[in-house]
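Morning, everyone. I have one structure to walk through, in two parts. Let's put it on the screen.

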Amino acid sequence: MKVVLASDHAGFEIKEKVKDYLMDKNIEVLDVGAFSEESVDYPVFAFKAGEAINQHKADYAIIFCGTGEGISIAINKVKGIRCGVAYDDEVTRLLREHNNANAVAFGARFMKEEDILRRIDIFLNTEFLGGRHQKRLDLISDYEK
């Protein structure tokens, strides 16, 4: 499994902690920035993360900004990306089971580190259920075309 990480300045610190966490689990990590707490524009990094998935450089994206909202909105503009904000354990599980999300966003200013790490494990270890959920994803894919 390979994961691409991206953040803005607000998410930089937790992105670095998550990078270490994933590498300790022998998960390959591609970090596309930001690379400091200096103010940056989150869409730049969201687009890089989404493109990494589309170019098969990563299986999943884990992204961070202050709320998780802005960066998730930006990555969802990349064709084929399905991202949600993992604000709850059950929501995180459903992002994978029902939506086959290939990206997950976190709000660095509103979420605790231990919650983020637990939800990353939930996200990466939950399988898509398919079935009736695939029909809905097909509707989204058809619209993107």
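Start with C65. This cysteine is buried, with a relative accessible area of 4%. Keep in mind that we are looking at a predicted model.

Is C65 paired? Look at the sulfurs. C65 takes part in no disulfide, and the nearest cysteine sulfur, that of C83, lies 9.7 Å away. A disulfide needs the two sulfur atoms within 2.5 Å, so that pair does not qualify. Turn it round and start from C83. C83 is in no disulfide either, and its nearest cysteine sulfur is that of C65. C83 also counts as buried, at 14% relative accessibility; the cut-off is under 20%. For the structure as a whole, the disulfide count is zero.

Now the helices. Two packed helices are described by the angle between their axes and the distance between the axes. Here the pair is α1, residues 12-24, and α5, residues 113-125. The angle is about 50°, and the axes are 11 Å apart. α1 and α5 are therefore oblique to each other. The crossing of α1 past α5 is right-handed.

Which residues make the contact? From α1, we have I14, K17, V18, Y21 and L22. From α5, take E113, I116, L117, I120, D121 and L124. By class, eight of the contact residues are nonpolar, three are charged and none is polar.

To recap: zero disulfides, C65 and C83 both buried, and α1 crossing α5 obliquely with a right-handed sense. That's my slot. Over to you.

Note on methods
Residues are numbered from 1 along each chain as its sequence is written. This is a predicted model: local features need pLDDT of at least 70, side-chain atom pairs count only at pLDDT 80 or more; totals for chains, interfaces and linings use all residues. Side-chain values use heavy atoms; hydrogens and water are left out. Axes are lines fitted to C-alpha atoms, for helices over the stretch in contact, and angles run from 0 to 180 degrees between N-to-C directions. Helices (H or I, at least four residues) and strands (E, at least two) are DSSP runs, numbered from the N terminus. Angles under 35 degrees count as roughly parallel, over 145 as roughly antiparallel, 65 to 115 as roughly perpendicular and the rest as oblique. A crossing is left-handed if the near helix is turned anticlockwise from the far one by less than a right angle, and right-handed if clockwise. Contact means heavy atoms within 4.5 Å. Ala, Val, Leu, Ile, Met, Phe, Trp, Tyr, Cys and Pro count as nonpolar, Asp, Glu, Lys and Arg as charged, and the others, Gly among them, as polar. Buried means under 20% relative accessible area, exposed over 50%, partly exposed in between (1.4 Å probe, protein chains only).
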